[in-house]
Amino acid sequence: MGGSPTRIRTKGCTSVDKQTTFDFVVAANRLPVDAVEREDGEVEWRRSPGGLVTAMDSVMRGRDGAWVGWAGTPGEAPAPFESEGMWLHPVPVSAEEIEHYYEGFSNDTLWPIYHDVIVPARFRRTWWHAYRRVNERFAEAVCEVAAKGATVWVHDYQLQLVPELVRERRPDVRIGWFNHIPFPPVELFAQLPWRAPLLRGLLGADYLGFQRTADAQNFVRACRSYLGATTKGDRVTLPAEDGQPTRTVRASAVPISIDVASLTELARSESVQQRAQEIRASLGDPKTLLLGVDRLDYTKGIRHRLKAYEELFEDGALSCPDVTLVQVATPSRERVDAYKRLRTQIETTVGRINGTYSTVGATAVHYLHQSYDRAEMAALYLAADVMLVTPLRDGMNLVAKEYVACRHDLGGALVLSEFTGAYHELSQAFICNPHDIEGLKQTIMRAITGDERTKRRMMSALRKRVTHNDVTRWANHFLANLEASPEKPA
Ligand code: ADP
Ligand code: G6P
């Protein structure tokens with residue numbers, strides 16, 4: 001299959017020596033591009049994985065802002081540089097900190113706790129210490145690039161201490177934080193030995209944004225339970241401490257989205273439409289092409305999806321060459337044990353399905369452990385008759401929205417898990433509970449065999465929802481809430 005990852009040469013980026021400050025500063029664990037050292041020693045910049053970068057990259061374009069983040073490699077950070085109108089300010093993270101702060105505390109402690117403990121969370125004090133240390137470094141970098149009175153927008157679970165750490169150093173700036181992933185119910189959050197400092201870290205912000213109202217409510221409840229805060233609706237008030245006045249922080253839902261117009265335009269382009277046809281032809285022009293696109297993460301329900309698919313072959317409901325599944329599984333967090341185990345399980349299952357149900361010239365599952373550029377992704381979406389989005393828990397799931405944005409032809413059908421944030425906007429899709437394999441099988445079959453006119457009506461309704469709330473509206477909504485914070489005491 002064609003397409004290659006986005007590559008930005010260091011040549012294309014301007015390194016500038018003088019200190020520069022900005023009125024708008026974004027801090028996220030990753031920069032929008034990762035530094036990758038090639039065999040010839042030249043550093044190449046490739047687009048970073050995940051939905052955070054997809055959304056924020058569009059928001060930052062056209063704004064004269066700075067992005068503080070890790071460049072994806074251990075040790076010394078590259079010098080700050082300008083790329084496509086954005087000032088990128090890399091933060092160094094050592095090899096040991098990658099292990100303790102990123103792979104450990106962020107992705108082996110917080111990630112499972114914030115995703116329903118689908119795999120057990122691991123608690124290590126050394127990981128917590130590294131998390132605090134790296135959050136301090138991020139806070140210092142933010143303070144370096146933030147102009148007086150700047151707006152600072154901190155992102156996601158890796159940087160929950162940054163709001164408080166920035167406030168201590170720079171009371172002049174306005175601080176917002178957005179959680180791209182779910183915020184867990186109090187019963188799960190309670191397990192964290194560091195629950196109180198994490199909440200205090202977040203309450204350093206003026207405004208906190210979440211994907212769903214339920215996430216914001218979980219946060220507010222946790223503040224009541226573990227900080228003795230008083231709460232009223234979506235407001236949290238901390239008692240006065242050490243001569244500091246009381247502060248009230250608002251926590252509410254602002255569901256994230258994508259750049260709908262530019263993706264739709266891409267999907268309408270001649271080259272993408274032609275590529276979609278080529279993809280179908282290269283797969284042997286199946287009657288039904290199913291598609292899954294996910295980071296290889298246990299939250300995405302890829303195993304459940306494959307189980308349902310395999311059973312549909314076993315039952316004789318599906319067969320080759322009529323049906324094929326393309327599963328794109330982007331490499332992710334490959335040194336974390338739970339991810340290593342998942343990869344082995346998925347690859348074993350794909351091997352078994354193909355060994356049993358593929359025929360000469362027709363493959364049941366095309367498994368692609370690779371990254372693609374936007375045009376190739378759009379072509380895949382346009383080629384697919386049924387998109388399978390089956391997470392066990394997902395903050396939003398932008399893939400679901402991307403699929404809908406690309407279907408300007410009103411073709412295709414979206415199977416969507418009720419455990420995604422996207423479900424709350426896209427409930428007209430073919431909704432499934434991925435834990436219920438029998439139900440999932442029936443939903444997949446309905447999406448395949450459903451009446452075309454009904455499916456077009458469903459897609460049209462989905463498109464209205466996705467178009468209504470695009471990424472610009474999301475960012476404006478978040479920034480307007482931040483601008484209105486902190487509220488003056490009554
Ligand atoms: P998450 O943030 O958990 O990875 P999302 O579905 O919200 O999940 O966002 C994933 C983003 O990554 C989407 O913008 C999607 O297009 C992109 N993406 C996923 N897989 C690939 C891939 N193999 N190549 C390129 N982009 C990908
Ligand atoms: C999700 C998280 C992001 C993260 C992305 C990719 O979208 O919300 O914060 O960047 O996954 O994960 P990675 O660990 O590769 O940064």
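# Why the labels fit

User: D285 lies in the loop between α9 (270-282) and β15 (288-295). What makes the phi of D285 worth a remark?

Analyst: Happy to start there, with the reminder that this is a predicted model. The phi of D285 is positive, at about 45°, and D285 is not a glycine. Most residues other than glycine have a negative phi, so a positive value gets pointed out.

User: How do you know that the peptide bond from C320 to P321 is cis or trans?

Analyst: Omega tells you: for the bond from C320 to P321 it is near 5°, and the bond is cis. In general, most peptide bonds are trans. If you want to find the spot, P321 sits in the loop between α10 and β16 (323-330).

User: Now the helices. Why are α10 and α11 called roughly parallel?

Analyst: Helix α10 (residues 302-314) and helix α11 (residues 337-357) pack at an angle of about 15°, and their axes are 11 Å apart. Angles under 35 degrees count as roughly parallel, and therefore α10 and α11 earn that name. Their crossing is left-handed.

User: What makes up the contact of α10 with α11?

Analyst: From α10 come I302, R303, L306, E310, F313 and E314, which meet L342, Q345, I346, T349, V350, R352, I353 and Y357 of α11. Sorted by class, this contact holds 8 nonpolar, 2 polar and 4 charged residues. Q345 and T349 are the polar pair, because neither Gln nor Thr is listed as nonpolar or charged.

User: And α3 with α4: why is α3 called oblique to α4, given their crossing angle?

Analyst: The axes of α3 (residues 125-145) and α4 (residues 162-169) cross at roughly 45° and come within 9 Å of each other. That angle is not under 35 degrees, nor in the range 65 to 115, nor over 145, so it falls among the rest. This makes α3 oblique to α4. The crossing of α3 and α4 is right-handed.

User: Which residues meet there?

Analyst: In α3 they are N135, E136, F138, A139, E140, V142 and C143, and in α4 V162, L165, V166 and R169. The classes come to 7 nonpolar, 1 polar and 3 charged residues. C143 goes with the nonpolar group, because Cys counts there.

User: How many cavities of 30 Å³ or more does the whole structure have?

Analyst: The search finds 1. The volume of the largest cavity is about 50 Å³, so it passes the 30 Å³ cut-off of that search.

User: What lines the largest cavity, and how do its residues divide by class?

Analyst: Its lining is G412, A413, L414, Q428, A429, F430, K455, M458, M459 and L462. Both β19 (413-417) and α15 (452-468) supply at least two residues, and α15 gives the most, with 4 residues. The division is 7 nonpolar, 2 polar and 1 charged. G412 is on the polar side, because Gly is counted as polar, while K455 is charged, because Lys is in that class.

User: Last one: what do you know about the second largest pocket?

Analyst: The second largest pocket encloses about 580 Å³ of space. It has 16 lining residues, of which E164, L238, E241, Q244 and R247 are closest to the centre. Helix α4 gives the largest share of this lining, 3 residues. By class, the lining has 7 nonpolar, 2 polar and 7 charged residues. E164, E241 and R247 belong to the charged class, because Glu and Arg both count as charged.

Note on methods: Residues are numbered from 1 along each chain as its sequence is written. Chains are lettered from A and ligands numbered from 1 in the order in which they are written. This is a predicted model: local features need pLDDT of at least 70, side-chain atom pairs count only at pLDDT 80 or more; totals for chains, interfaces and linings use all residues. Side-chain values use heavy atoms; hydrogens and water are left out. Axes are lines fitted to C-alpha atoms, for helices over the stretch in contact, and angles run from 0 to 180 degrees between N-to-C directions. A crossing is left-handed if the near helix is turned anticlockwise from the far one by less than a right angle, and right-handed if clockwise. Contact means heavy atoms within 4.5 Å. On a 1 Å grid over the protein atoms alone, a cavity is a set of points where a 1.4 Å probe fits but cannot get out, and a pocket is an open set with protein on both sides within 12 Å along at least five of seven lines; lining residues have an atom within 4 Å of a point.
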